[in-house]
Amino acid sequence: MTENAIVRSSPTSWSIERVVAEADIADHREALRAHMSPPGLLASPTLPFVLSHPLADQARQHLAPEGAPAPVPVHLSQEIRLQDSLRAGQRIRTGLQLQGARPGAAGVRAALRAFITREDGGPVAESITTILLSGDTTITTAFGELPPVRPPDSTDSGESPTVLGHRFGREWTGRYARASGDDNPIHLDDGAARAAGFDTAIVHGMGLVGVVCEEVIDRFANGDTSRVCGLGARFAAPVPVDEDVDSVLCPDATRRVVRFSCRTSHRTAVKGGWVELAAARDTKGGQR
């Protein structure tokens with residue numbers, strides 16, 4: 001990506017401007033769809049999370065004591081609301097605010113709110129990321145707020161869930177790491193993962209959610225990525241690399257909200273997931 005330096009606009013907020021390159025959109029979406037049909041031209045609905053990742057690193061550094069390395073985060077939940085699609089050649093501004101933090105026995109929970117706007121100031125996306133800085137004891141006083149993930153209202157359709165099987169191997173994980181810029185060694189190296197408390201390298205949580213989102217687009221939005229207007233999930237447990245994952249998709253009665261969960265043979269990995277779809281457009285450009 002063509003980008004400027006990160007700007008710190010307040011003690012707890014950062015921003016960056018960049019031009020979205022065609023390769024940024026294509027590489028990320030091709031990684032997500034490695035075992036599906038080729039992607040279209042639009043960005044994955046999870047790309048806003050990827051674009052805010054460098055700013056989230058700044059927020060973690062802010063939470064670390066001076067001179068100490070930033071603590072390794074555990075992803076607890078994610079919510080993304082989309083007002084527009086990201087396009088190649090588009091100049092955007094991404095801003096991120098450290099919304100709040102809460103110390104606890106397991107470490108510090110923190111909430112990060114990110115915004116993406118077009119060059120003219122029009123909104124593209126907003127996201128809230130909740131993380132746990134495991135074992136961190138440097139923050140002893142709570143501040144700000146931790147907004148809860150709020151799924152849209154939906155009514156049970158009564159139809160049988162769709163169950164899809166995936167396996168995220170080391171080649172896929174490496175490809176997603178390159179495409180997303182998330183090269184945290186816990187996803188790529190068994191030794192680093194064990195040092196962080198895992199048995200083996202683990203799959204990127206947002207890579208898993210991104211794949212599920214692509215499955216929803218194919219099955220419930222006729223392949224129209226632009227219909228996704230929101231998504232969210234809570235991360236319950238890590239997924240080891242090379243382990244089978246079953247994703248369960250449950251559309252509501254209107255087929256505009258698809259709830260999902262992901263499970264390995266041992267445990268639930270993602271729970272409370274949802275993808276919200278806008279109404280399909282008719283051939284004259286209206287909603288139907």
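**Notebook: an aromatic cluster and helix H2**

I began with the aromatic side chains and noted that Phe168, Trp172 and Tyr176 form one aromatic cluster. I keep in mind throughout that this is a predicted model.

I then looked up the ring pairs, of which the structure holds two. For Phe168 and Trp172 I find ring centres 4.8 Å apart and planes at 70 degrees; since an angle over 60 degrees counts as edge-to-face, I enter this pair as edge-to-face. The other entry is Trp172 with Tyr176, a stacked pair with 5.5 Å from centre to centre and 5 degrees between the planes.

Next I checked where these residues sit. Trp172 and Tyr176 both belong to helix H3, residues 170-180, and lie four residues apart, which is about one turn of the helix. As to accessibility, I note that Phe168 and Trp172 are both buried, and that Tyr176 is buried as well.

I turned to helix H2, residues 47-63, and tested its length: at 1.5 Å a residue its 17 residues should span 24 Å, and I find the end C-alpha atoms 25 Å apart, which agrees. Where does H2 bend, and by about how many degrees? I locate the bend at His53, with an angle of about 45 degrees, and I note that a proline, Pro54, follows within four residues.

Last, I asked how many of the residues of H2 are buried. The count is 12 of 17, so I record the helix as largely enclosed by the rest of the structure. The buried residues include Leu47, Pro48, Phe49, Val50 and Leu51, and also His53, the residue at the bend; Ala59, Arg60 and Leu63 are likewise among them.

Terms used:
Residues are numbered from 1 along each chain as its sequence is written. This is a predicted model: local features need pLDDT of at least 70, side-chain atom pairs count only at pLDDT 80 or more; totals for chains, interfaces and linings use all residues. Side-chain values use heavy atoms; hydrogens and water are left out. Helices (H or I, at least four residues) and strands (E, at least two) are DSSP runs, numbered from the N terminus. The expected span of a helix is 1.5 Å times one less than its number of residues. The bend at a residue is the angle between axes fitted to the seven residues ending there and the seven starting there. Buried means under 20% relative accessible area, exposed over 50%, partly exposed in between (1.4 Å probe, protein chains only). Rings of Phe, Tyr and Trp (its six-membered ring) pair if their centres lie within 6.5 Å; planes under 30 degrees apart count as stacked, over 60 as edge-to-face and the rest as tilted.
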